[in-house]
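Work through the exercises below with the model open. Each task is followed by its solution in steps.

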Amino acid sequence: MNDSVLLLSLASAIVIGTPILLAGLGEMMTEHSGVMNLGVEGMMLGGGVVGFWMSTQHPSMALALAVGGGVGALFALIHAYLAVTLRVNQIVSGLALVITGTGFAGFVGSSNDSALIYARPQSSLEPVFGEGMQELPLVGPLVFGHDWVVYLSWLLVAAAAFWLFRTRAGLAVRAVGEDPATADTVGISVGVTRYVYTMIGGAGAGMGGTYLMAEIFATYQHGITAGLGWIAFALVTFAGWRPWRALVAAYVFGALRNLGFTLQILGASVPSDVLNALPFVLTIVALIIISARPAAARKYSAPSALAVPYSREIR
Amino acid sequence: MSLPLGAFELTVERQQIPSRLVRMAAPTASVAFGLLVGAVIIWAAGQDPILAYTEMARKGFGGRLALTGTLVLATPLILTGLAAVVAFRMKIWNIGAEGQLILGAVASSGLGLWLGDRGIGGPVGIVLMLAAGAGAGALWAALAALPRAYLNTDEVISTLMLNFVALGIMNYLIFSSFSHWRDPSRATFPVGRFLDDSMFLHRFTGRLHIGLFIALAAAGVLWWGLRSTRWGFEVWVTGDSPRAALYSGMRVDRKILSVLMVSGAFAGLGGGIEVGGVLGNLDPRALSLGVGFAGIVVAALARLSPLGVIPVAILVASFTNARPGLQVLGIPSEIVTLLEGILFLCIVGGEWFLRNALRLQRRAAGPGPGPVEVETAPS
């Protein structure tokens with residue numbers, strides 16, 4: 001009995017961890033190019049609300065995710081223009097984007113004749129694998145019990161890890177994030193790279209928001225992300241800017257969201273307020289531990305040029 | 001960088017000191033552009049932009065009630081704005097004003113309740129209560145400041161994370177426990193216990209309370225401190241070049257600690273004033289409205305000037321104050337948040353024109369008189 005409760009809560013940690021992973025992986029790509037976008041929560045809401053609207057119009061989840069991701073990327077484009085071209089303070093621009101995205105989602109959600117608050121998606125996703133495989137002990141619910149978006153996110157983690165650390169193009173991105181002047185000298189366009197990767201980050205956040213609204217909750221409410229975007233931002237640091245670590249960390253954070261419920265079933269009572277704060281506590285602790293150990297700091301620290309605007313004229 | 005335009009070319013040059021015309025024109029034009037974008041969105045949603053804007057101005061500033069409401073909302077925003085100003089001046093990116101404000105509110109209401117229970121009210125009690133708020137904000141900031149000063153731990157992420165930890169603490173005290181802060185008579189619908197009447201800040205007219213003047217005084221003190229004290233000079237030098245500061249014998253680690261704690265104290269004071277002047281109890285529903293994040297944008301729009309924070313905060317607060325009025329007209333009040341975001345983005349972007357000069361010159365190859373300098377306002 002207790003085993004199955006534990007197993008089910010682990011499986012649902014994977015579900016709630018997926019939007020965190022999609023948004024966090026996107027932000028990780030952005031940060032590797034040296035741009036910090038604090039606007040994840042806003043892009044998740046802003047992209048997600050349009051993706052959700054799409055899911056109420058058409059049964060295809062792929063279409064909804066594409067639309068949500070596209071809108072998220074457009075929000076990120078604003079940040080890229082301000083941060084890369086106009087070289088404004090990225091913290092200020094990112095926070096303004098949070099406010100804009102939140103306002104946009106609220107406005108879109110409550111205006112129009114058909115309020116999105118009452119709308120429902122036209123379809124919901126089915127697990128990819130058959131009943132037989134889902135009923136396998138342990139791996140059944142954990143590995144074979146999910147819809148295709150979860151597997152897509154695993155694929156994206158593998159792709160990001162390979163791309164960033166095993167290809168020339170990935171090396172170029174990291175060069176832009178670590179030392180843009182040198183990257184510029186060898187002919188890599190710092191501006192274009194940063195624009196592209198900032199928009200990839202927005203797409204991840206928009207997809208994460210869409211999956212959250214159109215699939216997990218199957219409804220839209222004001223402020224439905226409830227801080228998941230901030231958790232996704234924390235994820236990048238907690239994972240030490242490494243995609244595979246992000247996969248594990250996203251599910252740890254997802255599990256913490258569900259843990260209160262699980263513990264209640266098991267007879268223990270830990271207030272959800274405390275559990276909700278845990279991902280942030282863990283991130284601070286990880287950050288302090290890493291910065292206290294020089295060897296770890298070299299390996300798992302932020303890109304050197306993170307949040308530093310680049311210009312050829314000023315060094 | 002230059003762009004050829006017929007016989008002329010448009011060049012972009014960096015400038016240190018923008019002309020007075022540009023200093024005035026850039027933000028004005030940015031606001032105008034932002035309002036235009038907002039108008040298009042309101043219009044696209046099938047509403048009347050002119051009506052929405054006039055209504056927003058009326059509900060924000062028209063009449064005594066609207067004006068005092070705006071000033072009450074501006075008070076915490078001024079203080080979180082000041083919190084950002086002092087830290088950002090030294091290029092210490094404290095984005096934890098939200099959490100520092102919350103902890104300030106927790107400490108103020110905690111001590112306020114305790115003092116009220118013992119009959120210590122009035123000016124002495126209020127001063128102690130607000131001091132507790134400022135102190136708690138400073139200590140909460142120290143949690144990020146100590147690792148930043150001694151381990152070089154990135155303060156952007158740690159201060160950001162601490163916001164959500166603070167939120168968790170506040171929610172726990174009211175929603176998940178029967179703490180000192182919670183009203184024991186309300187078991188099903190948890191609310192914070194209310195302060196004794198003697199702990200409330202003095203009110204003038206409408207909802208306007210003395211907190212506004214405390215915030216204005218705080219702005220004055222910070223202005224003076226940054227301008228005329230050794231501490232302010234060192235903040236300025238350290239922000240510009242930490243290495244120069246270190247070699248000239250300044251204790252940079254202590255400076256980081258003191259600046260972040262002063263920053264946290266401003267935000268914490270804001271939390272205390274909200275409790276004593278507006279809420280009367282620890283109310284998580286009212287204290288998680290993004291005042292901390294908005295304060296950072298306010299500080300940026302005020303170009304990190306302590307006195308500049310005041311008008312910007314009042315303007316932003318007037319928007320928030322207009323929310324309920326718009327809803328009555330059938331315009332979704334979320335438009336205010338959206339418009340705020342758009343205006344913030346536009347004004348932040350408009351800052352570019354302060355750092356760069358556009359010059360329209362005859363092309364070098366062509367004959368004729370020397371360069372014609374036309375400084376342009378932003379489009």
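**Exercise 1: two residues with positive phi**

A:Ala218 is found in the loop between helix 10 (190-216) and helix 11 (228-238) of chain A; helices are DSSP runs of H or I with at least four residues, strands are runs of E with at least two, and both are numbered from the N terminus. The model is predicted: local features need pLDDT of at least 70, side-chain atom pairs count only at pLDDT 80 or more, and totals for chains, interfaces and linings use all residues. Residues are numbered from 1 along each chain as its sequence is written, chains are lettered from A and ligands numbered from 1 in the order in which they are written, and side-chain values use heavy atoms, with hydrogens and water left out.

Task: state the phi of A:Ala218 and its exposure class, then do likewise for B:Arg303.

Step 1. Recall the background: most residues other than glycine have a negative phi.

Step 2. A:Ala218 is not a glycine, yet its phi is positive, about 50 degrees. Its class is partly exposed because its relative accessibility is 27%; buried means under 20% relative accessible area, exposed over 50%, and partly exposed in between, with a 1.4 Å probe and protein chains only.

Step 3. B:Arg303, also not a glycine, has a positive phi of about 50 degrees. B:Arg303 sits in the loop between helix 11 and helix 12 (309-328) of chain B. With a relative accessible area of 35%, B:Arg303 is partly exposed.

**Exercise 2: covered helices**

Task: find how many residues of helix 11 (residues 291-301) of chain B are buried, and what the buried residues of helix 8 of chain B pack against.

Step 1. In helix 11 of chain B, nine of the eleven residues are buried. Among them are B:Phe293, B:Ile296, B:Val297 and B:Leu301.

Step 2. Helix 8 (residues 230-240) of chain B has buried residues including B:Glu234, B:Val235 and B:Thr238.

Step 3. The packing partners of these buried residues are helix 3, helix 7 (211-228), helix 9 (242-247) and helix 10 (252-279) of chain B, where contact means heavy atoms within 4.5 Å.

**Exercise 3: the largest nonpolar core**

Task: identify which helix gives the most residues to the largest nonpolar core, and list the contacts of B:Leu160.

Step 1. The largest nonpolar core has 173 residues; such a core is a set of buried Ala, Val, Leu, Ile, Met, Phe, Trp, Tyr and Cys residues joined through side-chain atoms within 4.5 Å. A:Leu95, A:Trp230, B:Leu82, B:Ile95, B:Leu160 and B:Leu282 touch the most other members.

Step 2. Helix 3 (residues 64-89) of chain B contributes the most, 13 residues. At least three residues come from each of domain 1 (1-45 + 332-379) and domain 2 (72-330) of chain B, with bounds from an automatic or database domain assignment.

Step 3. Neighbours within four places in sequence left aside, B:Leu160 contacts A:Leu38, A:Trp230, A:Phe233, B:Ile95, B:Glu155 and B:Phe293.

**Exercise 4: distances in chain B**

Task: how far apart are the centres of domain 1 and domain 2 of chain B, and how far apart are B:Gly62 and B:Leu279 in space?

Step 1. Taken over C-alpha atoms, the two domain centres are separated by 34 Å. The contact between the domains takes 15 residues from domain 1 and ten residues from domain 2 of chain B.

Step 2. B:Gly62 lies in the loop between helix 2 (49-61) and helix 3 of chain B. From B:Gly62 to B:Leu279 is 24 Å, C-alpha to C-alpha, across 217 residues in sequence.
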